[in-house]
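Thank you all for coming; I would like to walk you slowly through one structure this morning. Please have a look at it first, and then we can go through it part by part.

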Amino acid sequence: MKIAMGSDHAGFALKQEVKKHLQEMGCQVEDFGTYDEKSCHYPIYAQKVTTEVVGGRADLGVLICGTGAGMAIAANKVKGIRAVTVSDCFTAKAARMHNDANVLCMGARVLGPSLACLIAQLFVETGFEGGRHQTRIDMISDIEKGK
């Protein structure tokens, strides 16, 4: 599985931990920045990662900032992205199974490395159930199209 990752300065250290864990799981991870803790603007990295996901060059995206909220707001502006801010294991699985979420957003000021790695693992390992949930995803797509 190919994962596109990005963070701002607040999420940089946690991104490094999560990236290492995903690579150890066998995922191919492409890091779109930032590459240090120098202050930067999170929407830049949200756009880079989501472009890879909607373009089919990555299966899923992972974005990390201070809270995860800013990244999710920016990511969800991209048509076809279903980004979710997650800080617990249940939501990580449910967002994939029921919402076909394709971008995981986490907060480095909210989560420790162990939990963040577990959340990312569950997000990547969990599949979409389809069925009645597909109907809802189609409805979301219709909203994006202005229907």
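Let me begin with a definition: rings of Phe, Tyr and Trp, the last taken by its six-membered ring, are said to pair if their centres lie within 6.5 Å. By this rule the count here comes to zero aromatic pairs, and I should say at once that what you are looking at is a predicted model. There is, however, an aromatic ring with a charged residue placed over it, since Arg96 lies over the face of Phe123, at 5.7 Å from the ring centre.

Let me turn to the interior. In soluble globular proteins, nonpolar side chains tend to be buried together. In this model the largest nonpolar core has 25 residues, and those with the most contacts inside it are Ile3, Met5, Val18, Leu22, Val62, Leu104 and Met106. The elements that give two or more residues to this core are strands S1 (2–7), S3 (60–65) and S5 (103–107), together with helices H1 (12–24), H4 (89–99) and H5 (113–125). Which of them gives the most? It is H5, with seven residues. Apart from this core lies another, of 18 residues, with Ala46, Met71, Ala75 and Cys105 among them.

To see one residue of the largest core in its surroundings, take Met106, which, if we leave aside its neighbours within four places in sequence, is in contact with a list of residues that includes Val18, Val62, Ile64, Val86, Leu111, Ala116, Ile119 and Ala120.

Helix H5 deserves a closer look. Its buried residues are Ala116, Cys117, Ile119, Ala120, Leu122, Phe123 and Val124, and what covers them includes S1, H1, S3, strand S4 (83–85), H4 and S5. As for its length, the 13 residues of H5 should span 18 Å at 1.5 Å a residue, and its end C-alpha atoms are indeed 18 Å apart, which agrees. Helix H6 (residues 132–144) can be checked in this way too: its 13 residues should span 18 Å, while its end C-alpha atoms are 19 Å apart, which agrees. H6 is followed by Gly146, whose phi is positive, near 80 degrees.

Now the cysteines. How many disulfides are there by the rule used here? The count comes to zero. Cys105 is in no disulfide, and the nearest cysteine sulfur, that of Cys65, is 7.2 Å away; Cys105 counts as buried because its relative accessible area is 0%, the cut-off being under 20%. Cys117 is likewise in no disulfide, with the nearest cysteine sulfur, that of Cys89, 11 Å away, and Cys117 is buried too, at a relative accessible area of 11%.

Finally, some places in the backbone. Most residues other than glycine have a negative phi, and most peptide bonds are trans. Against that background, the peptide bond from Gly33 to Thr34 is cis, with omega near -5 degrees, and Thr34 has its place in the loop between strand S2 (28–31) and helix H2 (42–54). Asp100, in the loop between H4 and S5, has a positive phi, near 50 degrees.

Gly33 and Thr34 also bring us to Ser7 in strand S1, which counts as buried at 0% relative accessibility. Leaving aside neighbours within four places in sequence, Ser7 is in contact with Phe12, Lys15, Gly33, Thr34, Tyr45, Ile64 and Met71.

Notes. Residues numbered from 1 in each chain as written. Predicted model: local features only at pLDDT ≥ 70, side-chain atom pairs only at ≥ 80, totals over all residues. Heavy atoms only, no water. Core = buried A, V, L, I, M, F, W, Y, C linked by side-chain atoms within 4.5 Å. Buried < 20%, exposed > 50% of the residue type's maximum accessible area, 1.4 Å probe, protein only. Helix = DSSP H or I, 4+ residues; strand = E, 2+ residues; numbered from the N terminus. Contact = heavy atoms within 4.5 Å. Disulfide = S-S within 2.5 Å. Phe/Tyr/Trp six-rings, centres within 6.5 Å; stacked < 30°, edge-to-face > 60°. Lys NZ or Arg CZ within 6 Å of the ring centre and 35° of its normal. Expected span 1.5 Å × (residues − 1).
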